[in-house]
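Subject: Structure for you to look through

Hello,

Please find the structure below, with its sequence. My notes come after it.

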Amino acid sequence: MENNKVAVIGSLNYDIVLKQERLPEIGETITVDGVSFCGGGKGANQAVQCAKLGLETYMIGSVGNDHYGTILIDSLKKYNVKTDYIGLADMHTGLGIVNSFPDGRLLSTISTGANYSLTIEDIERAEPIIKESQIVILQLEIPREVVEYSIKLAKKHHCYVIVNAAPSYNLSEDAMQLIDCFVVNEAEASFYGNQVISTVEDALHCCDPLFKQIGELLIITLGEKGSILYDGTNTFCFSPEKVNVVETTGAGDSYIGAIAYGLMNGLSKDEMGKFASKVSSKTVTKIGGQDAMPYLEEI
């Protein structure tokens, strides 16, 4: 495809990853087994994976006018993500505390910081690159009104819109119906489907009611249980690659970057799901989120 531009509208966080056996009890202090620091935020992570797969990627977001913000922008530039539309806010950069357990599970706590300073006016200023993009990717770590405006603006310019609905909050019915590809994990699918989803069978049962809220493609990621793609008629189930899991930070974001690559390159849904599973499986074999994400030649 001649135009392979992707615009990612979303969050940038400086992540502190704590490797630990368990969480402390109330009133208890424990030590961790290790700590790492890396660029994060779902938006920035997805932008990096797109860029590493060879897509011309633009990040639209906001960081604080502080040391962390500088680190995040430099990290994106290192991976050839275009940073022209990242604003500087007079507040702290978004921060993430990630608890990483030996079995690969994660817990994350985020201080939104500058991510919530992103405004509709910022998106309007970025309209020239949105207009030129084939795909626009969003997450929900930025204000709801900005997400909904961005969806509508992207569709005005005939972009394919991917929304990773994390963390979960309700979007208007009008905005939901404009979403081409809606990506959720078990917890998020439970929120939007109004039912508990803990197994593949639960997720399959939830596909049709969730799909009716959106446009073209529903994706439910299930961690070590794989993922499901559903287009309203056909259901595709994928198992993750069998690898030595070191850390799962950014695996879901890798998956979404790979989906964008698949869409851009005309892969079938079956090919796209297999490719995304392979890309995200590569990410979990290394430490460091963005640093761990694979380049196209590694797949």
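What follows covers the two sheets and some of the helices.

This is a predicted model, in which local features need pLDDT of at least 70 and side-chain atom pairs count only at pLDDT 80 or more, while totals for chains, interfaces and linings use all residues. Residues are numbered from 1 along each chain as its sequence is written, and side-chain values use heavy atoms, with hydrogens and water left out.

Helices (H or I, at least four residues) and strands (E, at least two) are DSSP runs, numbered from the N terminus. Two strands count as paired if DSSP finds at least two bridges between them.

Start with the sheet of four strands. This sheet is open, has the order 3-2-6-7, and its pairing is mixed. Strand 3 (34–40) and strand 7 (106–111) are at the edges with a single partner strand each, so one side of each has no neighbour in the sheet. From one strand to the next the twist averages 20° (axes are lines fitted to C-alpha atoms, for helices over the stretch in contact, and angles run from 0 to 180 degrees between N-to-C directions). Seven bridges pair strand 2 (residues 13–19) with strand 3 in the antiparallel sense; Leu-18 has Val-35 of strand 3 as its bridge partner.

Helix 2 (residues 67–78) lies across strand 2, strand 3 and strand 6 (94–100), at about 90° to strand 2. Contact here means heavy atoms within 4.5 Å.

Which residues of helix 2 are buried? They are Gly-69, Leu-72, Ile-73, Ser-75 and Leu-76. These residues are on the same side of helix 2, because they cover an arc of only 160° around the axis (the arc is that of the directions from the helix axis to the C-beta atoms). The face turned away from the buried side of helix 2 carries the exposed residues His-67, Lys-77 and Lys-78. Buried means under 20% relative accessible area, exposed over 50%, and partly exposed in between (1.4 Å probe, protein chains only). Just after helix 2, Asn-80 has a positive phi of about 70°.

The other sheet is also open, with nine strands in the order 5-4-1-8-9-10-11-12-13 and mixed pairing. Its twist averages 15° from one strand to the next. Strand 1 (residues 5–9) runs parallel to strand 4, joined by five bridges, and Val-6 has Thr-57 of strand 4 as its bridge partner.

Regards
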